[in-house]
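Got the viewer open? Load the model, show it as a cartoon, and keep the selection box handy.

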Amino acid sequence: MTTPSTIRVVIPLKVKRRNGRPRIVPPADLDAVNESKPDPRTLRAIARAWDWRRRLERGEAATLSDIAQAEQVTPPFVSRYIRLAYLSPTVLERLLIHRRPCALPLDKLAAAALAPWSEQQRMVFDD
């Protein structure tokens with residue numbers, strides 16, 4: 001459901017399988033900014049957080065505890081890492097499309113998602 005104050009972020013990504021494992025890849029017309037690659041665990045965690053967010057928005061899960069039970073993890077784990085679904089569009093674009101590595105470990109990246117969008121890019125990347 002969208003309202004006039006809703007911001008919709010559309011990131012054109014493709015999921016390809018390599019050795020039976022899904023891999024998120026940017027569109028072919030975008031080159032990576034540099035040769036270093038982001039941590040695959042970070043990319044998986046962001047994808048997982050977005051999945052959880054979509055489940056809540058569609059009503060497939062009523063609470064974070066429902067998600068935790070379905071995923072067989074603790075509610076605090078879901079609460080901490082669902083924040084990744086609320087990273088700024090700029091940070092998500094640099095991580096997912098341009099494949100910039102994050103300067104933070106995953107737990108600190110999740111904490112950075114609580115900061116205002118205007119500050120997140122400075123916190124997440126070594127620029």
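Here is a tour that starts with the whole chain and then goes to helices and single residues.

**Before you click**

This is a predicted model, in which local features need pLDDT of at least 70, side-chain atom pairs count only at pLDDT 80 or more, and totals for chains, interfaces and linings use all residues. Residues are numbered from 1 along each chain as its sequence is written, and side-chain values use heavy atoms, with hydrogens and water left out.

**Stop 1: the whole chain**

Colour by secondary structure and you should find six helices and two strands. Walking from the N terminus, the order is β-β-α-α-α-α-α-α. Helices (H or I, at least four residues) and strands (E, at least two) are DSSP runs, numbered from the N terminus.

Now switch on the surface. The chain exposes about 8,400 Å², with 51% of that supplied by carbon and sulfur atoms; the areas come from the Shrake-Rupley method with a 1.4 Å probe, and for residues only the protein chains shown count as cover. Of the 127 residues, 31% count as buried. Buried means under 20% relative accessible area, exposed means over 50%, and partly exposed is in between (1.4 Å probe, protein chains only).

Contact here means heavy atoms within 4.5 Å. Among contacts between residues at least 6 apart in sequence, 61% join residues at least 24 apart.

**Stop 2: α1 and α2**

Select residues 40-58 for α1 and 64-71 for α2; these helices pack at an angle of about 125°, with their axes 10 Å apart. That makes α1 oblique to α2. Axes are lines fitted to C-alpha atoms, for helices over the stretch in contact, and angles run from 0 to 180 degrees between N-to-C directions. Under 35 degrees counts as roughly parallel, over 145 as roughly antiparallel, 65 to 115 as roughly perpendicular, and the rest as oblique.

Show side chains where the two helices meet: Arg48, Trp52, Arg55 and Leu56 come from α1, while Leu64, Ile67, Ala70 and Glu71 come from α2.

Zoom in on Arg55 of α1. Is Arg55 buried or exposed? Arg55 counts as buried because its relative accessibility is 16%. Its side chain makes a polar contact of 2.5 Å with that of Glu71. A polar contact is a pair of N or O atoms within 3.5 Å; within protein, one must be able to donate a hydrogen and the other to accept it, and residues adjacent in sequence count only if both atoms are side-chain atoms. Leaving aside residues up to four places away in sequence, Arg55 touches Glu60, Ala61, Ile67, Ala70 and Glu71.

**Stop 3: α4 and its neighbours**

Next, pick α4 (89-97). Which residues of α4 are buried? They are Val91, Leu92, Arg94, Leu95, Leu96 and Ile97, and they pack against α1, α5 and α6 (117-124).

Add α6 to the selection: α4 and α6 pack at about 30°, their axes 8 Å apart. That makes α4 roughly parallel to α6. Pro89, Thr90, Val91 and Arg94 in α4 meet Trp117, Gln120, Gln121 and Val124 in α6.

Step to His98, in the loop between α4 and α5 (106-112). His98 counts as buried because its relative accessibility is 18%, and its side chain joins that of Glu93 in a polar contact of 3.1 Å. Arg99, which follows α4, has a positive phi, near 60°.

**Stop 4: Arg80**

Finish in α3 (residues 75-81), where Arg80 lies. Arg80 counts as partly exposed because its relative accessibility is 35%. Draw a C-alpha to C-alpha distance to Ala110: the two are 30 residues apart in sequence and 6.6 Å apart in space.
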